[in-house]
Amino acid sequence: MAPIRMIDIAVNFTDGMFKGIYNGKQHHVSDIATVLSRAWNAGVDRIIVTGGSLEESKEALAIAETDGRLFCTVGVHPTRCKVVAIGECGLDYDRLHFCPPEVQKKYFEKQFELAYATKLPMFLHMRAAAEDFCEIMERNINKFTGGVTHSFTGSAEDRDKLLSFHNMYIGVNGCSLKMAENLDVVRGIPVERMMIETDSPYCEIKSTHAGINFVKSLWPSKKKEKYDKECLVKGRNEPCLVRQVLEVVAGCKGITDIDLFSATLYQNTCRVFFPQDLDAAADALLAGRNESQ
């Protein structure tokens, strides 16, 4: 089988850390180009740059237009082919100091109108809000072609609610893999309904995480105060590390054929965000091989 190819479906390149700014202080030069080079060398084939506001959406689009392998989500009406999804949008009841639930629900509902008008899939966020989230989803299920609920950290019950929507996938990153209980939940996500991501610069897999022993791919790192472009910045996640997410999920699910696993995840992502690139013959082959395992 061809070398491992991965799509990181969530990178926050609009975050100041990729400009060398941490807590308002400049520690090193902007290094997105260096970060991208590491990602491509690690087997990352494409990256979706996310935006959570109007300004971030504009910046995400501008970043995506600098490289043919970068794409983006937007929360406003898309005008360019680089846009592959509506989002990031959803409900987050862990951060009510930013926005109360009723306001969140009102405007989440409106995002489905945009998805319906553009025929684009949705890039979704659900945190401590599964009941309201799924209720709104059910009401609007026919208004969008498909989507992913990214950075999933919910319970087995939350997982099963999401999987009950035929056009919904679940995005997994380091935050999804922290505790043994998280790994149990991830084991129950069918590989054909999963995508992987870093959500960088956040959600790295740490040495304290339950699945750390499954990690095989390592890079040298240095503190931001001793920045070296040949090394990762300690404590800052980046797209090359989506390889570690692949390894931990494969390990916790007992998957030994990581090439096939990565190819399945790649096809899942293309099915939703890059349907023009979906190889129907390879898709059928993968489906058959997965059923035989």
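Helices (H or I, at least four residues) and strands (E, at least two) are here DSSP runs, numbered from the N terminus. The model used in these exercises is predicted.

**Exercise 1**

Find which helices and strands each supply at least two residues of the lining of the largest pocket, and describe that lining by class.

Solution.
1. Start from the pocket itself: the largest one has a volume of about 1100 Å³.
2. Its lining comprises 33 residues, and those closest to the centre are G52, S53, E88, D92 and H125.
3. Two helices, α2 (54-64) and α3 (101-118), each give at least two lining residues, as do the strands β6 (83-92) and β7 (122-127).
4. Sorted by class, the lining holds 14 polar, 12 nonpolar and seven charged residues.

**Exercise 2**

Give the strand order of the open sheet and identify its edge strands.

Solution.
1. The sheet has eight strands with parallel pairing, in the order β1-β4-β5-β6-β7-β8-β9-β10.
2. β1 (6-11) and β10 (194-196) each pair on one side only, which makes them the edge strands.
3. On average, neighbouring strands are turned by 30 degrees against each other, direction ignored.
4. At the β10 edge, three bridges join this strand to the parallel β9 (residues 168-172); V172 has I196 of β10 as its bridge partner.

**Exercise 3**

State which strands helices α1 and α7 lie across.

Solution.
1. α1 (residues 32-42) lies across β1, β4 (44-49) and β5 (70-74), and runs at about 135 degrees to β4.
2. α7 (residues 242-253) lies across β1, β4, β9 and β10, at about 140 degrees to β10.
3. β1 and β4 therefore appear in both lists, contact meaning heavy atoms within 4.5 Å.

Note on methods. Residues numbered from 1 in each chain as written. Predicted model: local features only at pLDDT ≥ 70, side-chain atom pairs only at ≥ 80, totals over all residues. Heavy atoms only, no water. 1 Å grid on protein atoms, 1.4 Å probe; cavity = no way out; pocket = protein on both sides within 12 Å on 5 of 7 lines; lining within 4 Å. Points joined across faces, edges and corners; volume = space filled by probe spheres on them. Nonpolar A, V, L, I, M, F, W, Y, C, P; charged D, E, K, R; others polar. Pairing = 2+ DSSP bridges. Axes fitted to C-alpha atoms, helices over the stretch in contact; angles between N-to-C directions.
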